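Here are my notes for you to read alongside the structure. Keep the viewer open and go through the points one at a time.

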Amino acid sequence: MSMSSRRIRAIVRKELREYRRTPSIVVTMAIIPLIFLVQPLVVVLGLTASSAGPLAHEHVLLYLLGIPALVPVLIAAYAVAGERQQGTLEPLLTTPIRREELLLGKALASLLPSAAVAYAVYAVFIACVELFADPAVASALLQWPQILAQVLFTPLIATWSIWAGMGISAKFTDVRVSQQLGLLAGLPTVALTSLIAFDVIHPTPGRALALVAALLLLDGLGWRIVSAVFDRERLITGTR
Amino acid sequence: MDDQDHGRGGPALSVHGLSKRFGNRVAFEDVSFEVGRGEVFGFLGPNGAGKTTTVRTLGTLITPTSGSAEIAGIPLVPQNAERIRRRISIMPESPGLYLRLSVAENLECFADLYRTPDPRERIARALRTVDLADRADDVCASLSKGLRQRVALARALLSDPQILFLDEPTAGLDPVATRAVHELIDRLRRRGVTIFLTTHRLEEAERLCDRVAILNTTLRTIGRPGELRDQLFAKSLTVTTLAPLPDPDHIFADLPAVDGWHPDGSCGYILAVSDPAVAAPAATRALVGAGADVLSISSLHHSLQDVYLELVGTDTPADEQAGRR
């Protein structure tokens with residue numbers, strides 16, 4: 001199956017233009033992770049130097065991997081249901097675009113701002129810790145392997161969340177239902193990253209590599225599965 | 001076979017016994033017709049008659065339940081969907097524009113989706129065709145409904161389609177915007193584009209279409225508007241005199257091309273005729289010869305609306321039928 005990069009680029013460009021003209025979309029995307037930051041920041045900023053020792057052996061920073069799981073869900077859940085709601089889906093589907101191309105274009109367009117917001121929020125957290133936390137706490141908390149894990153896992157986790165959100169978006173006609181279910185779909189990933197952060201699942205390089213492989217597989221499968229559930233007839237007529 | 005060579009010379013659209021059901025509900029059933037290349041074909045019917053579903057089926061958005069079709073010479077089967085969509089354009093009833101984007105940005109997106117060569121030139125040409133060249137940078141949300149409809153038409157023209165499906169293109173437009181769309185369709189017809197026009201505006205179909213089909217779940221009739229009138233209604237002349245004729249039977253009985261007559265008010269008479277061009281002068285001569293003061297003799301004109309009402313006017317409305325099924 002040959003894919004047209006021009007069609008995929010057309011969808012990405014169109015989506016990014018719409019985001020740019022609607023700043024509230026990006027602002028909304030940033031709200032959940034900012035709320036997500038409040039609790040760990042309050043805890044970290046309240047710690048004294050005596051906590052630095054035990055903190056150096058924990059992986060609290062990995063808790064923030066929940067951010068890329070939640071950030072993209074809202075726009076991904078809007079991807080198909082939103083087109084349908086604003087009446088633009090039918091003209092789009094009458095073009096020669098394949099569903100795989102359409103979905104990949106939309107996923108990429110969701111990934112770019114999501115990753116940017118997730119990295120920005122993470123940077124805000126690190127900056128706050130560096131500036132306002134006890135220096136001993138900051139140096140114990142900010143460990144390079146965990147920062148690297150955040151950088152590497154953010155796009156992988158975000159992509160998985162996007163496919164989950166888009167799968168729901170392709171199945172449900174109501175945008176609000178789609179977004180609420182999308183948020184629920186992001187929770188298992190948040191639970192997993194929390195279990196790792198609190199050392200219930202001990203992070204090791206081997207486990208990290210296994211998780212990378214699993215996420216790559218899930219991201220590829222997600223594309224295929226969402227393409228399979230994307231049914232032009234049902235989306236146009238609301239039947240089947 | 002090269003895409004461009006496919007089906008050249010044959011009809012643009014060929015539909016045989018096509019049906020679509022949604023569960024127990026029949027959208028349309030056993031529909032067969034052909035549309036020639038360069039023809040403007042009107043598809044008429046009441047709300048819920050299956051017009052839009054037919055367009056969506058021919059446009060590969062919906063899979064038919066039974067029957068077959070060839071679109072631009074390509075068999076309508078799922079594996080040909082993309083090839084078919086490359087050769088057609090559908091303008092849905094609602095323009096479906098991205099309102100936050102400009103006119104040019106909307107068209108740019110679709111030019112890329114069709115992978116049109118030289119998209120800038122195509123966009124400029126499409127905008128010139130719909131007289132919107134000076135509105136390219138306007139945000140679509142700022143346009144009136146009529147202008148949005150013209151942008152949607154420009155979008156449908158980007159790919160130089162062999163067949164253009166227009167689904168209720170003037171629905172909800174004011175008379176000025178309607179006239180602008182009609183003029184555009186006329187221009188496209190002159191360029192040889194095959195147009196499949198669904199509408200329930202009968203005067204629109206009569207003015208624009210070479211042939212029309214009337215659908216009310218099943219196809220009721222198909223033909224040129226004039227032929228349909230002739231099929232359904234006897235030709236007739238209306239005669240009006242200043243005073244009632246003393247013996248009209250004597251005057252009208254043996255006239256050439258007059259098959260019968262009946263009164264229409266006290267001083268009016270309707271003559272059933274086989275050829276108005278023969279019957280009208282003969283009737284005039286006979287009336288003058290009988291000393292009658294003739295006020296008018298005219299051919300009774302039946303409109304496409306009369307044909308339509310004759311065929312579907314007594315049906316249960318299609319959308320009610322759909323609700324019952």
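**Notes on chain B and its contact with chain A**

1. Let's start with a helix. In chain B, helix α6 (residues 175-190) lies across strands β3, β7 and β8, and its direction is at about 150° to β8(B). Keep in mind as you look that this is a predicted model.

2. Now for the sheet under that helix. β3, β7 and β8 belong to an open sheet of six strands in chain B, ordered β6-β7-β8-β3-β9-β10, with mixed pairing. β6 (88-91) and β10 (218-223) of chain B are at the edges with a single partner strand each, so each has one side without a neighbour in the sheet. From one strand to the next, the twist averages 15°.

3. Try zooming in on one edge. Strand β9 (residues 211-216) of chain B pairs with β10(B) in the antiparallel sense, over five bridges. Which residue is the bridge partner of A213(B) in β10(B)? That is I222(B). A second helix, α1(B), also packs on this sheet: α1(B) touches β3, β6, β7, β8 and β9 of chain B, and its direction makes about 150° with that of β8(B).

4. Chain B has another open sheet, this one of four strands in the order β2-β1-β4-β5, with antiparallel pairing. Here β2 (25-35) and β5 (74-75) of chain B stand at the edges; each has a single partner strand, so one side of each lacks a neighbour in the sheet. Between β1 (residues 13-22) and β4 (residues 66-71) of chain B there are five bridges, again in the antiparallel sense, and H16(B) sits opposite S68(B) in β4(B).

5. Look at α1(B) again. Helix α1 (residues 51-58) of chain B lies across β1, β2 and β4 of chain B, at about 115° to β1(B). Point 3 had α1(B) touching strands such as β3 and β9 of chain B, so do check both sets of contacts on screen.

6. Next, the meeting of the chains. About 3000 Å² is buried between chain A and chain B, with carbon and sulfur atoms giving 54% of that area. R6(A), T94(A) and P96(A) supply 22% of the area that chain A buries against chain B, more than any other three residues.

7. How many salt bridges does the rule find across the interface of chain A and chain B? There are 11. R100(B) forms one with E18(A), with the closest N and O atoms 3.8 Å apart. On the side of chain A that touches chain B, α1(A) gives the largest share, nine residues. The residues of that side divide into eight nonpolar, nine polar and 12 charged.

Note on methods: Residues are numbered from 1 along each chain as its sequence is written. Chains are lettered from A and ligands numbered from 1 in the order in which they are written. This is a predicted model: local features need pLDDT of at least 70, side-chain atom pairs count only at pLDDT 80 or more; totals for chains, interfaces and linings use all residues. Side-chain values use heavy atoms; hydrogens and water are left out. Buried area is the accessible area (1.4 Å probe) that two parts lose on being put together, summed over both. A salt bridge is a side-chain nitrogen of Lys or Arg within 4 Å of a carboxyl oxygen of Asp or Glu. Helices (H or I, at least four residues) and strands (E, at least two) are DSSP runs, numbered from the N terminus. Ala, Val, Leu, Ile, Met, Phe, Trp, Tyr, Cys and Pro count as nonpolar, Asp, Glu, Lys and Arg as charged, and the others, Gly among them, as polar. Two strands pair if DSSP finds at least two bridges between them. Contact means heavy atoms within 4.5 Å. Axes are lines fitted to C-alpha atoms, for helices over the stretch in contact, and angles run from 0 to 180 degrees between N-to-C directions.
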